Amino acid sequence: MHCNEARRRLAKPGGASVADSELAEHLSECDACRDYARELRLAELLAEIPVRKPLPGMEERVLQRALGRKERVSPAGLHLRWALATAASVILAVVVTLQFYPSGAGREPAAAGMVKAAVVEVVPQQTHMVNVLLTSHRALNDALITVQLDDNLALHGYKDVHHLKWRASLKSGGNRLSLPVKLLQGNSGKITVTIEHGGKSKHFTINVTAAPESGSQKLSMI
Amino acid sequence: MTKIIKLFESRAAREHRFSELVRPHIGSLYRMAYRWTQDRDDAEDLVQEALAKLVRRVGDMERVEKLGPWLVKVLYRCFVDLYRKRSRSPSGENPGWRADTDLLDERIAALPEGADAIRRLELQRDLARAMEGLGGEQRDVILLHDTEGYSIDEVASILEISAGTVKSRLHRARARLKKFLGDGTF
């Protein structure tokens with residue numbers, strides 16, 4: 001078989017037949033046609049890699065938000081994103097367990113409404129990565145996350161921004177929110193994180209205080 | 001006449017024209033945003049950011065001959081500004097580009113055992129993982145041209161590089177990806 005014929009068979013719609021022994025024999029002997037076949041296969045596979053479907057109403061939602069008719073979510077969602085807690089780079093971690101009970105599932109335990117606060121000691125004027133590790137008993141699609149900082153604190157890369165809000169889906173299990181926190185002034189500051197889902201909200205606070213000695217970092221739970 | 005012009009240029013009219021222009025492209029913008037971010041929420045946020053930058057540029061948009069690739073160019077700039085540059089920041093963690101292989105795993109799990117489509121999805125999962133090893137420049141041209149079907153000239157315009165550079169990046173990227181396809185894959 002000539003290369004031209006082999007390539008014609010390879011390129012025909014639907015691809016070459018697996019039972020084409022002539023073609024298989026040619027490919028076993030011809031490096032160039034084998035490479036051509038692999039290139040065709042690569043193009044076909046790449047063109048059909050699936051896309052995760054957007055959440056219902058995406059088109060109208062982004063349009064309305066872009067037009068300012070609905071509250072825009074912060075692009076911070078691109079940066080301060082939730083991720084599976086697998087990285088080993090945790091510097092200061094606040095571990096929080098949230099339980100969102102479905103409606104009608106009975107009375108929620110009192111402890112589930114307000115999660116314990118944490119105290120983080122940092123060196124003023126230095127950026128510290130504070131990782132909030134949140135475990136959820138079930139996936140929470142399209143949860144609304146709000147981070148509120150007082151004036152003494154800042155997030156690196158977000159000068160003068162003290163209120164961030166974005167949507168994200170939390171996976172069942174561990175989720176991590178990384179906050180590059182800097183204590184700008186005073187001896188302490190407060191971060192409040194709120195997660196809203198299904199008409200319910202949970203919040204917790206992180207009290208950031210100046211470390212008594214330079215270079216120290218410490219975390220404790222209240 | 002003045003009143004008519006004012007009416008035409010009123011905010012409501014401008015927003016209506018904006019919506020009419022961009023609505024047909026939101027789906028393809030989401031697809032491209034997902035290709036870059038590999039995350040549904042990030043993709044939606046990225047499309048929203050790109051559109052928000054364009055609300056006051058309806059006049060410019062109406063003069064664009066091929067609006068689809070032009071919008072993707074705006075989307076790409078947002079992606080670089082909001083996502084890729086941030087991933088290089090020393091203060092942030094560096095997540096890099098991570099393929100959403102969970103989606104392919106979900107599709108595989110949904111198929112009956114032994115189905116022909118499983119082998120194809122497994123190959124696509126291997127390719128997606130292989131793309132994690134490509135540099136951003138090579139991955140961009142693969143995603144735009146080979147995955148989403150934009151022409152060489154359109155990719156060149158979107159990325160603001162020459163057509164020759166697009167071709168050479170494609171050639172190098174494909175050569176790397178082909179290594180992940182064994183001889184028995186065609």
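Helix 1 of chain A and helix 3 of chain A are roughly parallel to each other, because angles under 35 degrees count as such. The tour through this predicted model opens with that pair.

**Stop 1: helix 1 and helix 3 of chain A**

Select residues 3-11 of chain A for helix 1 and residues 31-47 of chain A for helix 3. The two axes come within 10 Å and cross at roughly 15°. The crossing of helix 1 and helix 3 of chain A is right-handed. To see the residues that meet, display A:C3, A:A6, A:R7, A:L10 and A:A11 on helix 1; on the helix 3 side, add A:A32, A:C33, A:Y36, A:A37 and A:L40. This contact of helix 1 with helix 3 of chain A comprises nine nonpolar residues, no polar residues and one charged residue.

**Stop 2: chain A as a whole**

Now show chain A in full. Its secondary structure comes to five helices and eleven strands. Chain A has 222 residues, and 32% of them are buried. Among the contacts in chain A with a separation of 6 or more, 76% are between residues 24 or more positions apart.

**Stop 3: from chain A into chain B**

Keep helix 3 of chain A selected and add helix 9 of chain B, residues 136-147. How do helix 3 of chain A and helix 9 of chain B cross? Their axes come within 9 Å, at an angle of roughly 90°. Helix 3 of chain A and helix 9 of chain B are therefore roughly perpendicular to each other. At the crossing, A:A43, A:L46 and A:A47 from helix 3 of chain A meet B:I142, B:D146 and B:T147 from helix 9 of chain B. By class, the residues of this contact are four nonpolar, one polar and one charged.

**Stop 4: helix 9 of chain B and its surroundings**

Remain on helix 9 of chain B. It is mostly covered, with nine of its twelve residues buried. Colour the buried ones: B:Q138, B:D140, B:V141, B:I142, B:L143, B:L144, B:H145, B:D146 and B:T147. What do the buried residues of helix 9 of chain B pack against? Besides helix 3 of chain A, the partners are four helices of chain B, namely helix 3 (26-37), helix 8 (116-132), helix 10 (152-159) and helix 11 (163-178). After helix 9 of chain B comes B:G149, whose phi is positive, near 80°.

**Stop 5: chain B as a whole**

Widen the view to chain B. It contains eleven helices and zero strands. Of its 186 residues, 34% count as buried. Residues 24 or more positions apart supply 63% of the contacts in chain B with a separation of 6 or more.

**Stop 6: the nonpolar cores**

Next, turn to the largest nonpolar core, which has 48 residues. The members that touch the most others are B:L29, B:A33, B:L46, B:V47, B:L75, B:F79 and B:V155. Helix 6 of chain B, residues 67-87, gives the most to this core, with eight residues. Centre the view on B:F79: leaving aside its neighbours within four places in sequence, B:F79 is in contact with B:W36, B:L46 and B:R84. A second, separate core has 27 residues, including A:I145, A:L153, A:A154 and A:L170.

**Stop 7: two loops with positive phi**

Most residues other than glycine have a negative phi. Two residues of chain B may be inspected in this light. Select B:Q38, which lies in the loop between helix 3 and helix 4 (40-54) of chain B. B:Q38 has a positive phi of about 60° although it is not a glycine. Then select B:E160, in the loop between helix 10 and helix 11 of chain B. The phi of B:E160 is also positive, near 55°, and this residue is not a glycine.

Is B:Q38 buried or exposed? B:Q38 is buried, because 22 other C-beta atoms lie within 10 Å and 20 or more are needed. B:E160, by contrast, is exposed, because it has 9 other C-beta atoms within 10 Å and the limit is 12 or fewer.

**Stop 8: a long-range pair**

End at B:L123, which is placed in helix 8 of chain B. B:L123 counts as buried, with 20 C-beta neighbours inside 10 Å. Add B:F180 to the selection: B:L123 and B:F180 are 57 residues apart in sequence, while their C-alpha atoms are 8.7 Å apart in space.

Methods. Residues numbered from 1 in each chain as written. Chains lettered and ligands numbered in written order. Predicted model: local features only at pLDDT ≥ 70, side-chain atom pairs only at ≥ 80, totals over all residues. Axes fitted to C-alpha atoms, helices over the stretch in contact; angles between N-to-C directions. Parallel < 35°, antiparallel > 145°, perpendicular 65-115°, else oblique. Left-handed = near helix turned anticlockwise from the far one by under 90°. Contact = placed C-beta atoms within 7 Å. Nonpolar A, V, L, I, M, F, W, Y, C, P; charged D, E, K, R; others polar. Core = buried A, V, L, I, M, F, W, Y, C linked by C-beta atoms within 7 Å.
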